[in-house]
Amino acid sequence: METKKISSILRIVFLGAPGSGKGTQSTLLSKKLNLVHISTGEMLRAEMAASTPIGNEVRNIMDAGHLVPDKTIIELLRKYLSTLNPQQGFVLDGFPRTVVQAKALDDLLNDIKRPLSHILELSVDEGTILGRIRQRAESGSGRSDDNDEIAANRYKVFMEQTMPVIQFYQSSNRLKKVDGLGSVEEVQKHILGALGR
Ligand code: AMP
């Protein structure tokens, strides 16, 4: 009985390139299914806005579109997860971005016997991604890391450091690919379908 209850809690990792729609979709999903939306990018931006030691440490790194050190982000996430009610489902957006982070996440969650329930990759072809990134940079999203050159760098970082995360989950048959093409509503349906909802 207890096992059944635990296994019905959604603990989702949501992977996708910058510009794949991962931020929009994970926000919508969390509202729809009453999950906590954990965005490590948002956490870091909040640290920067409050000029905390972590915020000051990561400012230049983030503004250049690089990844902040694994140790820093893993510790930030560990602290956050320790405050979360274990019965609360969540969707992780922007973490893990390296294989080191993916392994640390497995360890953190296995320690508390709350493993991930779903690992989704929002899959969008490269041409569409690059077009969306350019559009976002041109329209000025207000994010300090959203200009053309930095956006291109974030995509490069994704290909080099986060693609191996996708392969890491794929090699153990844990990854579900979701078609990220279509309207926001259509893509949301694909995601809900992948979750069996
Ligand atoms: P995002 O809002 O997810 O696009 O993240 C914005 C920026 O925050 C990234 O370009 C990185 O500089 C940093 N960041 C967010 N999450 C992570 C992470 N898991 N590992 C390293 N850096 C991260």
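Me: Hi! Let's start with the sheet: how many bridges join S4 to strand S5 (residues 175-179)?

Reply: Five bridges join S4 to S5, and the two strands run parallel. Two strands count as paired if DSSP finds at least two bridges between them. The strands, and the helices too, are DSSP runs numbered from the N terminus: E over at least two residues for a strand, H or I over at least four for a helix. One caution before we go on: this is a predicted model, where local features need pLDDT of at least 70 and side-chain atom pairs count only at pLDDT 80 or more, while totals for chains, interfaces and linings use all residues. Residues are numbered from 1 along each chain as its sequence is written, and side-chain values use heavy atoms, with hydrogens and water left out.

Me: Thanks. Which residue in S5 does glutamate 121 stand opposite?

Reply: Lysine 177. Glutamate 121 is also the bridge partner of leucine 15 in S4's pairing with S1.

Me: And in which sense do S1 and S4 pair?

Reply: Parallel, over four bridges, with S1 covering residues 11-15. Another facing pair is isoleucine 12 and histidine 118 of S4. S1 is also joined to strand S3 (residues 90-93) by four bridges, and those strands run parallel. There, phenylalanine 14 stands opposite aspartate 93.

Me: Why is S1 described as largely enclosed by the rest of the structure?

Reply: Because five of its five residues are buried, where buried means under 20% relative accessible area, exposed over 50%, and partly exposed in between (1.4 Å probe, protein chains only). Both faces are covered: Arg11, Val13 and Leu15 are buried on one side, Ile12 and Phe14 on the other. S4 (residues 118-123) has five of its six residues buried, so that strand is largely enclosed as well.

Me: Switching to the ligand. How many residues surround it?

Reply: There are 17, and the closest are Thr40, His66, Gly94, Gln101 and Arg154. Being near here means having a heavy atom within 4 Å. Helix H3 (residues 40-49) gives the largest share of that shell, four residues.

Me: What's the chemical mix of the shell?

Reply: Six nonpolar, five polar and six charged residues. In this scheme Ala, Val, Leu, Ile, Met, Phe, Trp, Tyr, Cys and Pro are nonpolar, Asp, Glu, Lys and Arg are charged, and the others, Gly among them, are polar.

Me: Which atom of the ligand does arginine 154 approach, and what about the other polar contacts?

Reply: A polar side-chain atom of arginine 154 lies 2.7 Å from a ligand oxygen. Glutamine 101 has a polar side-chain atom 2.9 Å from a ligand nitrogen. For histidine 66 it is a backbone N or O atom, 2.5 Å from a ligand oxygen. Taken alone the ligand exposes 470 Å², and the protein buries 96% of that. Polar contacts are pairs of N or O atoms within 3.5 Å; within protein, one must be able to donate a hydrogen and the other to accept it, and residues adjacent in sequence count only if both atoms are side-chain atoms. The areas come from the Shrake-Rupley method with a 1.4 Å probe, and for residues only the protein chains shown count as cover.

Me: Nice. How many aromatic pairs does the structure hold?

Reply: Two. In one of them, tyrosine 155 and phenylalanine 158 are stacked, at 6.4 Å centre to centre and 25 degrees between the planes. Rings of Phe, Tyr and Trp (its six-membered ring) pair if their centres lie within 6.5 Å; planes under 30 degrees apart are stacked, over 60 edge-to-face, and the rest tilted. The two residues are three apart in helix H8 (residues 148-171), so about one helical turn separates them. Tyrosine 155 and phenylalanine 158 are both buried.

Me: Any backbone oddities? Where is proline 96, for instance?

Reply: Proline 96 is in the loop between S3 and helix H6 (99-111), and the peptide bond to it from phenylalanine 95 is cis, with omega near 0 degrees. Most residues other than glycine have a negative phi, and most peptide bonds are trans. Serine 51 and lysine 113 are worth a look too. Serine 51 has a positive phi of about 50 degrees and lies in the loop between H3 and helix H4 (53-63). Lysine 113 has a positive phi of about 55 degrees and is found in the loop between H6 and S4.

Me: How accessible is lysine 113?

Reply: Its relative accessibility is 64%, so lysine 113 counts as exposed. Serine 51, at 44%, is partly exposed.
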